[in-house]
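Colleague: Please take me through one part of this model in close detail, and then show me how that part fits in with the rest.

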Amino acid sequence: VKLMRSVSSCAGFVYTWGLGKSGEQGHNNIDNEFVCAFPKRVIGIPKSVFVACGERCSGIISEAGEIFMWGSGKYGRLGQGNENNYSTPQIVKYLQGIRITCISIGEVDTK
């Protein structure tokens, strides 16, 4: 089984590696079998305090409490109001102004 992994550093940077099929690595790649064999920093997000990854998407919470999501948008799991895939981090606009402290990403949903 090939999986995607993610980690946040003490400095608030996010690094991802592993299998990427729907842009879930956040490296602006959507490929059927894109594999990043070493940790690579995700660009385009503020410093993070929390990181989560699921079956086909990833997300972070910024120091300001904003959620950024990327990867497969199937079932609306990215919170963008559509089912589009995003290969770069996108702020969840519908939750702007609400300070978020934790997210959980499952196989088909985000909580």
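Modeller: Let's start with Tyr-75, which is exposed at 53% relative accessibility; here exposed means over 50% relative accessible area, buried means under 20%, and partly exposed is in between, with a 1.4 Å probe and protein chains only. Please keep in mind that this is a predicted model, in which local features need pLDDT of at least 70 and side-chain atom pairs count only at pLDDT 80 or more, while totals for chains, interfaces and linings use all residues. Residues are numbered from 1 along each chain as its sequence is written, and side-chain values use heavy atoms, with hydrogens and water left out.

Tyr-75 belongs to the loop between E6 and E7; strands (E, at least two residues) and helices (H or I, at least four) are DSSP runs numbered from the N terminus. Its backbone deserves a look too: phi is near 65°, a positive value in a residue other than glycine. Most residues other than glycine have a negative phi.

The strands on either side of that loop are partners. E6 (residues 67-71) and E7 run antiparallel and are joined by 3 bridges; two strands count as paired if DSSP finds at least two bridges between them. One residue pair to look for is Phe-68 with its bridge partner in E7, Ile-91. Phe-68 and Ile-91 also turn up together in a nonpolar core of 7 residues, whose members include Ile-60 and Trp-70. By nonpolar core I mean a set of buried Ala, Val, Leu, Ile, Met, Phe, Trp, Tyr and Cys residues joined through side-chain atoms within 4.5 Å.

Stepping out from that pair, you reach an open sheet of 4 strands in the order E4-E5-E6-E7, with antiparallel pairing. Its edges are E4 (48-53) and E7 (86-91), each of which pairs on one side only. From one strand to the next, the twist averages 15°, taken between lines fitted to C-alpha atoms, with angles running from 0 to 180 degrees between N-to-C directions.

The largest nonpolar core draws on this part of the chain as well. It has 11 residues, among them Cys-57, Ile-67, Met-69, Leu-78 and Tyr-86, and both E5 (57-62) and E6 supply at least two residues each. The 7-residue core with Phe-68 lies apart from it. In soluble globular proteins, nonpolar side chains tend to be buried together.

Now to the cysteines. The count is 0 disulfides, a disulfide being a pair of cysteine sulfur atoms within 2.5 Å. Cys-53 is in none, and its nearest cysteine sulfur, that of Cys-57, is 8.8 Å away. The surroundings of the two are worth setting side by side: Cys-53 is partly exposed, with a relative accessible area of 29%, whereas Cys-57 is buried, at 0%.

Next comes Arg-56, in the loop between E4 and E5. It is partly exposed, with a relative accessible area of 22%. Setting aside neighbours within four places in sequence, Arg-56 is in contact with Leu-19, Lys-21, Ser-22, Glu-24, Gly-71, Ser-72 and Arg-77; contact means heavy atoms within 4.5 Å. Of these, Lys-21 is 35 residues away in sequence and 7.5 Å away in space, C-alpha to C-alpha.

Leu-19 takes us to another pairing, where its bridge partner in E3 is Val-35. E2 and E3 pair in the antiparallel sense over 5 bridges. E2 is largely enclosed by the rest of the structure, because 5 of its 7 residues are buried.

The loop between E2 (14-20) and E3 (34-41) holds Asn-29, which is partly exposed, with a relative accessible area of 29%. Leaving out neighbours within four places in sequence, Asn-29 is in contact with Gly-23, Phe-34 and Ser-87. Asn-29 and Ser-87 are 58 residues apart in sequence, yet 5.7 Å apart in space, C-alpha to C-alpha.

To finish, here is the chain as a whole. It has 0 helices and 7 strands, and 40% of its 111 residues count as buried. Among contacts with a separation of 6 or more, 41% link residues 24 or more positions apart. The accessible surface comes to about 6100 Å², of which 52% belongs to carbon and sulfur atoms, by the Shrake-Rupley method with a 1.4 Å probe; for residues, only the protein chains shown count as cover.
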